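Let's take a walk through the salt bridges of this protein. Have the sequence and the model open side by side, and follow along pair by pair.

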Amino acid sequence: MTAPELALSKAPSISRADAEEAPPLTVACRALLILSGIGLSLGFAVGFLLLKDPLAAYLTNNEMRPGIRRFVLGMGFGTALVVDVATLVAAFRTRRATPIATTIRRVAHRLAPLGVTGFLPFLFQWKAWRDRDVEFLTLVTLAAILLEVGVRARRSAEPLGPEHFVHARLARFRSDLAARLPRAAERAPWFLVCAGALAYAVYFSYVTIAWHYGVRSSYDLAVENNLSWNIVHGGPFFKSSPQLGPVGSRFGYDASLLAFVLAPVYALYQRPETLYVAQAALLGAAAIPLFLYARLHVGTKAACLLSLLYLLFPGVHGENLFEFHYLPLSTGFLWLALYALESRRDRLAAIAVALALAATQNVAIELLAFGLYLLIAGRRPRAGLVVAAVSAAYFVVLEAIVLRSFQGGESLAQNYARLLPTGDDTIGSAVRTVFSNPWYTVGTILESDKLAYLMQMLVPLALVPLRLPLSALLAAPALAFTTLSSQPSNASIHYQQNAYWVAFVFVAAVIVLSSRARHARHAALWAMTLATLATSYQYGAVLQHNTSSCGPVPYKFGVDHEGYTRHQSLLAVLKDLPPRAKVAGSAFTTPQVSSRPDAYSLTIGVFDAEYVLFPSSHADFVANEYDVVTGLLRKGTFGVVDVAPPFALARRGGPVTRNAEVLSMLR
């Protein structure tokens with residue numbers, strides 16, 4: 001026998017089953033380690049919850065009194081010891097029916113989800129995590145993954161004795177309820193989704209209207225409200241005087257043809273508040289097509305949960321609070337188009353595609369990605385190809401021909417200054433940079449602020465959307481319009497560009513969940529729920545009101561004393577302003593007077609304004625407004641006709657007797 005043959009003959013043969021089956025002592029030790037971690041986590045959670053001292057100082061500076069620190073450690077390790085001992089006692093008492101190691105492992109698996117409890121006191125501390133986004137989101141990710149692993153472990157083991165009793169009682173309750181209300185189980189998810197959508201619409205209508213009531217809404221709302229008012233009153237095509245002055249068309253910047261669809265609703269009450277209500281209603285209603293689409297793939301219960309998570313998604317809240325824009329309104333139409341296409345309702349799909357494209361021209365890129373997905377995944381290849389072709393043609397024609405003819409220049413490349421080679425400022429050159437220099441492109445995405453933004457969009461769903469090979473395709477529009485952009489506001493949770501990510505992450509999550517086994521899907525949904533609750537608490541506008549912003553301005557919810565005073569002061573000033581007079585206003589006053597043919601923004605110019613509406617407090621001015629107003633008052637071009645701090649109104653050619661008084665207030 002040769003040496004190789006001799007060596008082979010001595011090698012033991014180990015089957016896969018033998019390799020996977022560890023000795024009982026090893027199994028028991030592993031399970032006890034898991035139980036120690038679970039007990040430690042439970043003890044820490046209870047210990048921190050019992051503390052009277054705030055946790056913010058502990059999380060940010062490791063500040064905690066020695067006695068309290070010893071108490072927390074004692075709770076953690078003491079609970080771990082109790083859990084281990086109790087499990088060993090239970091396993092020893094049942095050793096005749098079940099081996100000790102098997103019992104210990106079963107208990108460890110069934111209790112595994114409780115391992116996340118130690119994270120919970122830290123996840124809901126908004127003060128501690130302010131301006132520490134990456135650290136917070138990393139902690140949320142770890143907690144979500146731990147919960148997902150724990151739930152999967154729990155479902156791999158048989159329920160314990162007490163659990164059988166509880167499950168039997170619950171099953172009896174469900175059967176009794178089904179007998180009394182035969183269609184309750186079928187209708188309950190629908191009711192929850194519709195109730196959630198309605199609650200969202202009512203809540204965000206109120207908070208945004210209250211924001212406007214307190215004279216805090218700004219430039220973007222003025223632009224869109226003036227556009228809608230001129231559409232209803234037959235003004236020039238896409239006229240928006242706050243942005244362009246007395247002449248020009250906003251169509252050169254944004255093809256928001258959806259404004260014509262909303263015009264009949266706006267005509268009923270021609271005020272900015274109508275736009276706020278329409279935005280809240282359509283964003284809330286988007287939960288319904290998401291539910292319909294998700295139900296096709298993951299079932300009714302999971303679809304209901306995903307829809308409710310959407311309503312709590314912090315990115316949705318951020319885009320809703322930032323004035324009014326048509327881009328966020330496209331989300332529901334995009335999901336409706338996907339649902340209609342996959343359920344073969346082609347007429348409904350055509351309407352949904354048209355409405356989505358009408359929101360803004362950039363939505364065409366999202367539809368292009370979704371169409372290509374339907375083609376590549378084989379769900380509706382021909383329909384996907386048609387949608388992709390129509391969307392691509394729509395975008396190219398608008399960007400390359402129509403919009404440039406209105407604006408007279410490049411309308412998109414200015415957003416990608418970092419990607420433009422020297423001497424070439426066309427959008428084509430930015431695209432060439434992406435493909436020819438991917439290392440540089442990735443570097444622009446991974447800047448600290450953009451990395452935090454990416455995490456804010458992906459962590460709420462526990463990174464589930466990334467577990468899809470086609471995620472790169474579906475995420476491409478969001479990456480292109482946010483993190484690749486050189487505009488800081490495009491990669492901020494407090495602006496409307498969140499809509500690109502919202503449309504992507506929920507569709508990708510549905511596709512990923514549909515490809516998973518039932519137990520894996522169940523675990524992922526638990527992880528997504530925890531991550532959404534934690535991030536919504538930190539960044540959202542429902543669970544707490546301390547970290548929300550309208551763009552760069554901290555948000556104030558409801559009508560406070562300051563807001564009421566500002567509103568009453570503005571009403572006192574506006575009594576002297578004729579309904580259709582041409583007026584130039586400051587950032588926070590222009591939306592209040594934008595329901596007229598011409599309402600200019602002082603940051604753009606005064607033009608032929610008959611009146612100037614401005615703050616009487618220096619703190620309320622933005623950009624160059626202070627210099628413009630003081631210059632007009634000093635020259636006597638406008639004379640102050642009324643003052644009701646913190647606002648004042650001046651008329652062109654009016655008496656200048658009060659100008660000195662207002663100028664002294666502005667110093």
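A residue is called buried when its relative accessible area is under 20%, exposed when it is over 50%, and partly exposed in between, using a 1.4 Å probe and protein chains only. Please keep in mind that this is a predicted model, where local features need pLDDT of at least 70 and side-chain atom pairs count only at pLDDT 80 or more, while totals for chains, interfaces and linings use all residues. Residues are numbered from 1 along each chain as its sequence is written, and side-chain values use heavy atoms, with hydrogens and water left out.

Now to the charged pairs. A salt bridge here is a side-chain nitrogen of Lys or Arg within 4 Å of a carboxyl oxygen of Asp or Glu, and the model holds 15 salt bridges by that rule.

A good place to begin is K575 and D642, whose closest N and O atoms are 2.6 Å apart. This salt bridge links distant parts of the chain, 67 residues apart: K575 sits in the loop between α29 (561–574) and β3 (583–585), and D642 in strand β6 (residues 638–644). Helices (H or I, at least four residues) and strands (E, at least two) are DSSP runs, numbered from the N terminus. K575 is exposed, at 59% relative accessible area, whereas D642 is buried, at 10%.

Next, find R271 and E273, a salt bridge with its closest N and O atoms 3.7 Å apart. R271 is partly exposed at 24%, while E273 is buried at 17%.

Finally, look at E661 and R658, whose side chains form a salt bridge at 3.4 Å, N to O. E661 is partly exposed at 37%, and R658 is partly exposed at 28%. Elsewhere, R216, K556, D560 and E562 are joined into one network by salt bridges that share partners.
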